[in-house]
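The exercises below concern how parts of a protein model pack against each other. Work through each task before reading its solution.

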Protein chains: 2
Amino acid sequence: MQAVRSATHPSAAGHAVRALLFDTFGTVVDWRAGIVREVAPFLSRHGISGRAEDFADGWRERYQPAMQRVRAGERSFVRLDVIHRENLEDLLVAWGAEPGELPAGELDDLTRAWHRLDPWPDAIEGLRRLRERFVVAPLSNGNIALLTNMAKRAGLPWDCILGAEVVRAYKPDPRAYLDTAEVLGLAPSECMMVAAHNDDLAAAASVGLRTAFVRRPTEHGPTQATDLEPTGAWDHVVSDFVELAASLR
Amino acid sequence: MQAVRSATHPSAAGHAVRALLFDTFGTVVDWRAGIVREVAPFLSRHGISGRAEDFADGWRERYQPAMQRVRAGERSFVRLDVIHRENLEDLLVAWGAEPGELPAGELDDLTRAWHRLDPWPDAIEGLRRLRERFVVAPLSNGNIALLTNMAKRAGLPWDCILGAEVVRAYKPDPRAYLDTAEVLGLAPSECMMVAAHNDDLAAAASVGLRTAFVRRPTEHGPTQATDLEPTGAWDHVVSDFVELAASLR
């Protein structure tokens, strides 16, 4: 790819943004509400007591440590669907349930609740406007099937599905950002990472991508205490995707 | 992925088709007309004599042998953009030109003519109808940037961009088909390969995918002699994508 483009590249500083790469869980979709919606009847059906919100938070808390094993090289790359399923079983044990006694088909289906999350209210309209001028794609730790099923169900107008599975590296591993730019045939500075998480943007910026912070103050529920405001000098700071489209005009 | 789905899978024979996977060059887009359109002014501008059609055919003839080196393990996986650029230089030498004396930016741009191919007249409408009921994606030897740029320019409504670069194997390597089904979280028999080429369908069928043959009798120009009719017992045989949508109702 370098060979194909190098001769026409201006200096990195002069690059215009060509592609917008979106964190997905929390930035594009409201994972917590979607998981709670599916966990609540599951817990009730199997007589597991406790709040669905706590179960959702417990499932999500197991996400980073599980990916860290891949990032650290302790485990070869596995899809997020597999990690979500393993973490569900681990969580059920912590909640006093025995996963082996629950119907496997139901555990499969509940794992795919992560494929059925709803977008934030502005996401589709914002993406539609942004797509007129930029390549728009998820750069998510979600796997391709998860992101494809999510987009088809919700109507997210992606140009292509990118992310951890394409480059076989989980964010914030620098390869996740750099290899994704290379897949698109673009320099890092021609790509902008869009995320509701300061750590994702810091990792992207450290390898040369542009950055846009989107406030999602209820991603973790009404008492959210993290990522309420930008903590770095990001290129854009907005409250939703429609505002981002206006900022990038 | 197996772990997530296995418990709910019926027997292979009972699977309904969930995803349609499309060969792209020749099946979705008219590569020859698109390449001729861009090659003609290039040859003229640089005083290279000969027919643009012959140049296009010569470029395409170098495609399979170059990929074969990857399939045979003589070379590690490289993107099709790189192969196209190498083959362009090789072809120019065969045509008596010296690639090193031509502007590198022009060779880069001509290589990206493969990103700017027009779809056959029925392709967009057919895909739009098929997308209502199936996941639709290219399963092409083209790389992700090529297929993404092509889709964006032409308006091809893919659900996601799959193909050689995602699975790092070139068709007709069986892994290209099997690993693509696995990426989608589907059994091979839940996927249907759609192609204008009998050899592509034979390879897909041999590893359990369903098949649809689409007649594209002018892919190779007005005197085309190959792939005019199906040579295998494919599940569907149609003349365009709109007919395929009707067949799959």
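Buried area is the accessible area, taken with a 1.4 Å probe, that two parts lose on being put together, summed over both. The model is predicted.

**Exercise 1.** Describe the extent of the interface between chain B and chain A, and state how much of the buried area lies on carbon and sulfur atoms.

Solution. Step 1: count the residues in contact. Chain B contributes 36 residues, and they touch 36 residues of chain A.
Step 2: take the area. The two chains bury about 3,000 Å² between them. Carbon and sulfur atoms account for 57% of that area.

**Exercise 2.** Find the salt bridges and polar contacts across the interface of chain B and chain A, then describe the chain B side.

Solution. Step 1: the rule gives 4 salt bridges across this interface.
Step 2: check one pair against the cut-off. A salt bridge needs a side-chain nitrogen of Lys or Arg within 4 Å of a carboxyl oxygen of Asp or Glu. K152(A) and D159(B) form such a bridge, with their closest N and O atoms 2.7 Å apart.
Step 3: add the polar contacts, for which the rule finds 10 residue pairs, both residues at pLDDT 80 or more.
Step 4: locate the chain B side. Elements of chain B giving two or more residues to it include α5 (80-94), α8 (144-154) and α10 (174-183).
Step 5: sort that side by class. It has 17 nonpolar, 7 polar and 12 charged residues.

**Exercise 3.** Within chain A, identify the domains and work out which three residues supply 34% of the area that domain 1 buries against domain 2.

Solution. Step 1: set the bounds. Domain 1 of chain A covers 2-30 + 117-247, and domain 2 covers 31-115.
Step 2: place them. Their C-alpha centres lie 25 Å apart, and the contact takes 26 residues from domain 1 and 21 residues from domain 2.
Step 3: take the area. About 1,900 Å² is buried between the two domains of chain A, 55% of it from carbon and sulfur atoms.
Step 4: name the contributors. F25(A), L117(A) and Y170(A) supply 34% of what domain 1 buries against domain 2, more than any other three residues.

**Exercise 4.** Which helix of chain A gives the largest share of the domain 1 side that touches domain 2?

Solution. Step 1: start with the charged pairs. The rule finds 2 salt bridges between the domains of chain A. R79(A) and E165(A) meet in a salt bridge at 2.4 Å, N to O.
Step 2: list the helices. α8 (144-154) and α9 (164-167) of chain A each supply at least two residues of the domain 1 side.
Step 3: pick the largest share. It comes from α8(A), with 5 residues.

Note on methods. Residues are numbered from 1 along each chain as its sequence is written. Chains are lettered from A and ligands numbered from 1 in the order in which they are written. This is a predicted model: local features need pLDDT of at least 70, side-chain atom pairs count only at pLDDT 80 or more; totals for chains, interfaces and linings use all residues. Side-chain values use heavy atoms; hydrogens and water are left out. Contact means heavy atoms within 4.5 Å. A polar contact is a pair of N or O atoms within 3.5 Å; within protein, one must be able to donate a hydrogen and the other to accept it, and residues adjacent in sequence count only if both atoms are side-chain atoms. Helices (H or I, at least four residues) and strands (E, at least two) are DSSP runs, numbered from the N terminus. Ala, Val, Leu, Ile, Met, Phe, Trp, Tyr, Cys and Pro count as nonpolar, Asp, Glu, Lys and Arg as charged, and the others, Gly among them, as polar. Domain bounds come from an automatic or database domain assignment.
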